[in-house]
Amino acid sequence: MARKKELLFLKKKKQKNFCYSGTGAVSGARAQLSKSFLRLFFKKEVLASLLLGLPCPAWASPTVTVTKPWVRYLLPSIPAAGYMTVRNDGDSAAVLTGASSPSCGMLMLHKSEESSGMAMMMDMQTITIPAHGSVTFQPGGYHLMCMSPAMKLGDTVKMTLSFQDGSTMTVAAPVYGAQSSP
Ligand SMILES: [Cu+2]
């Protein structure tokens, strides 16, 4: 019984892994696996798809939409932040599990919060967009943290969002400076 559950879990994981294109996401998902034989299995799968150049069966959810993506960029040495509104018109929650961008090095899910007068930033493993609801990424709240920004003002950068159901979405975000926003 327990074994069956484990296999189901494995199947889900496999589906999820297959749709990631960023190496960061793959290694992140791999890190979640506890058993070494599972790790081997996944390594083989990922390696095979890389070697054979198999297309990742990426698909976009028909019920999730992203509006007004933009990036606030200050300096190359300071992480930039990505903002947007993610809307979910589906009947079940959409769970954002990661993000990647060729212009960011690592692109992380973060949340800013104030705690006893101090501004804090938290690393989020997932961000849930409720059914028939939306989550707004904005200064002072949820944001995508672009750790090594390679961009300049006026550029448009691509950011890919990965969801728990295996769907992905790539958005084009215009780059703004310290004083401006869309
Ligand atoms: Cu941050």
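**Exercise 1. A first ion pair and its relatives**

Which side chain meets that of arginine 87 in a salt bridge?

*Solution.* The model is predicted, so the ground rules come at the outset: local features need pLDDT of at least 70, side-chain atom pairs count only at pLDDT 80 or more, and totals for chains, interfaces and linings use all residues. Residues are numbered from 1 along each chain as its sequence is written, and side-chain values use heavy atoms, with hydrogens and water left out.

Step 1. The partner of arginine 87 is aspartate 89, with N and O 2.9 Å apart; a salt bridge here is a side-chain nitrogen of Lys or Arg within 4 Å of a carboxyl oxygen of Asp or Glu.

Step 2. For accessibility, buried means under 20% relative accessible area, exposed over 50%, and partly exposed in between, computed with a 1.4 Å probe on protein chains only. Arginine 87 counts as partly exposed because its relative accessibility is 33%, and aspartate 89 is likewise partly exposed, at 39%.

Step 3. The whole structure holds 3 salt bridges. Glutamate 113 pairs with lysine 111 at 3.3 Å, N to O, and glutamate 113 is partly exposed at 37% relative accessible area. Lysine 152 pairs with aspartate 155, their closest N and O atoms being 3.1 Å apart; lysine 152 is exposed at 54%, whereas aspartate 155 is partly exposed at 21%.

**Exercise 2. The copper site**

Identify the protein donors of the copper ion, and explain why their arrangement is called tetrahedral.

*Solution.* Step 1. Donors are N, O and S atoms within 2.8 Å of the metal (3.2 Å for Na, K and Ca), and since water is not among the atoms, sites may look incomplete. For the copper ion the protein donors are His110 through ND1, Met121 through SD, His143 through NE2 and Met145 through SD, at 2.1 to 2.4 Å.

Step 2. Four donors count as tetrahedral if all angles lie between 85 and 135 degrees. The 4 donor atoms around the copper ion subtend angles of 95 to 120°, and the arrangement is therefore tetrahedral.

Step 3. Along the chain, the donors follow the spacing H-x10-M-x21-H-x1-M. The two methionines link distant parts of the chain, with methionine 121 in strand β5 (residues 118-123) and methionine 145 in strand β8 (residues 142-146), 24 residues apart; strands are DSSP runs of E with at least two residues, helices are runs of H or I with at least four, and both are numbered from the N terminus.

Step 4. Methionine 121 is partly exposed, with a relative accessible area of 47%, whereas methionine 145 is buried at 6%. Histidine 143, which is placed in strand β8, is buried at 2%.

Step 5. The side chain of histidine 143 also reaches the backbone oxygen of glycine 141 at 2.9 Å. This is a polar contact, meaning a pair of N or O atoms within 3.5 Å; within protein, one must be able to donate a hydrogen and the other to accept it, and residues adjacent in sequence count only if both atoms are side-chain atoms.

**Exercise 3. A buried asparagine**

Describe the surroundings of asparagine 88, beginning with its place in the chain.

*Solution.* Step 1. Asparagine 88 lies in strand β2, which covers residues 80-88, and asparagine 88 counts as buried because its relative accessibility is 1%.

Step 2. The side chain of asparagine 88 reaches two backbone oxygens, that of isoleucine 129 at 3.1 Å and that of proline 130 at 3.2 Å.

Step 3. Leaving out residues up to four places away in sequence, asparagine 88 touches several residues, including Thr63, Val64, Ala94, His132 and Gly133, where contact means heavy atoms within 4.5 Å.

**Exercise 4. The chain as a whole**

How many helices and strands does the protein chain have, and where does pLDDT stay under 50?

*Solution.* Step 1. The protein chain has 3 helices and 10 strands, in the order α-α-α-β-β-β-β-β-β-β-β-β-β along the sequence.

Step 2. Of the 182 residues in the chain, 38% are buried. Among contacts between residues at least 6 apart in sequence, 66% join residues at least 24 apart.

Step 3. The chain averages a pLDDT of 80, and 69% of the residues score at least 70; pLDDT is the predictor's confidence in each residue, from 0 to 100. It is over residues 1-38 that pLDDT stays under 50.

Terms used: Four donors count as tetrahedral if all angles lie between 85 and 135 degrees; four count as square planar and six as octahedral if opposite donors are over 155 degrees apart and all others between 65 and 115; anything else is irregular.
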